[in-house]
Amino acid sequence: CDNGRYNPLASLFFQSTRDTVTALWKRDDPYTVDYEPLIVMLVTYIPLTLMFSGTFLPVGFVLPGFVIGGLIGRIYGTILVDVFGNESGSFEWICPGLFAMLGSGSFLSGSSGLGLGLVAIMSD
């Protein structure tokens, strides 16, 4: 890329999993990451997680669950921003970072059987 520019897909893929979750949960700008990088990462991250979770590599399950749920929630939140907007008024509560946070907790709670309260404590 040129100076001053970055690739959002590379910035999600080639950093630590914790930094990826933090980037997905950012609440400052709804258009920090567009649809294409989120969908490409989701389509490639799910098979990689499933493939490596059955090996002897220590990949874990908590942080990949946070990433997959965060990707799904961020995509959903971005769709809501595009449909309803987040201008001041009745729809200013729509924030893709908040939906990414909810998606992370929901996915991890649903896929691992943990209670949602325990997931909220873990994500803190």
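# Helices, core and a surface patch

User: What does G113 do just after α5?
Analyst: G113 takes a positive phi of about 85°. Helices are DSSP runs of H or I, at least four residues, numbered from the N terminus.

User: What kind of model is this, and how are residues numbered?
Analyst: This is a predicted model, where local features need pLDDT of at least 70, side-chain atom pairs count only at pLDDT 80 or more, and totals for chains, interfaces and linings use all residues. Residues are numbered from 1 along each chain as its sequence is written, and side-chain values use heavy atoms, with hydrogens and water left out.

User: Back to α5. What span should its 17 residues have?
Analyst: At 1.5 Å a residue, 24 Å. Its end C-alpha atoms are 24 Å apart, which agrees. The expected span is 1.5 Å times one less than the number of residues.

User: Which residues of α5 are buried?
Analyst: P96, G97, F99, A100, G103, S104, G105, L108 and S109. Buried means under 20% relative accessible area, exposed over 50%, partly exposed in between (1.4 Å probe, protein chains only).

User: How many helices and strands overall?
Analyst: Six helices and zero strands.

User: And α3, which residues are buried there?
Analyst: P37, L38, M41, L42, Y45 and T49. They pack against α1 (8-13), α2 and α4.

User: Which members of the largest nonpolar core touch the most others?
Analyst: L12, L24, W25, L38, M41, V67 and L71, out of 16 residues. α2 (17-24), α3, α4 (62-84) and α5 (96-112) each supply at least two. The largest share, five residues, comes from α4. A nonpolar core is a set of buried Ala, Val, Leu, Ile, Met, Phe, Trp, Tyr and Cys residues joined through side-chain atoms within 4.5 Å.

User: What does V67 touch?
Analyst: T17, T20, V21, L24, M41 and Y45, leaving aside residues up to four places away in sequence. Contact means heavy atoms within 4.5 Å.

User: Now the surface. Which residues form a nonpolar patch?
Analyst: L48, M51, F52, L57 and V59, with about 420 Å² of accessible area together. Areas come from the Shrake-Rupley method with a 1.4 Å probe; for residues, only the protein chains shown count as cover. Patch residues have over 30% relative accessible area and no salt bridge (a side-chain nitrogen of Lys or Arg within 4 Å of a carboxyl oxygen of Asp or Glu). Nonpolar side chains (Val, Leu, Ile, Met, Phe, Trp, Tyr) are joined within 5 Å, like charges within 9 Å.

User: Where is F52?
Analyst: In helix α3 (residues 35-53). F52 is partly exposed, at a relative accessible area of 32%.
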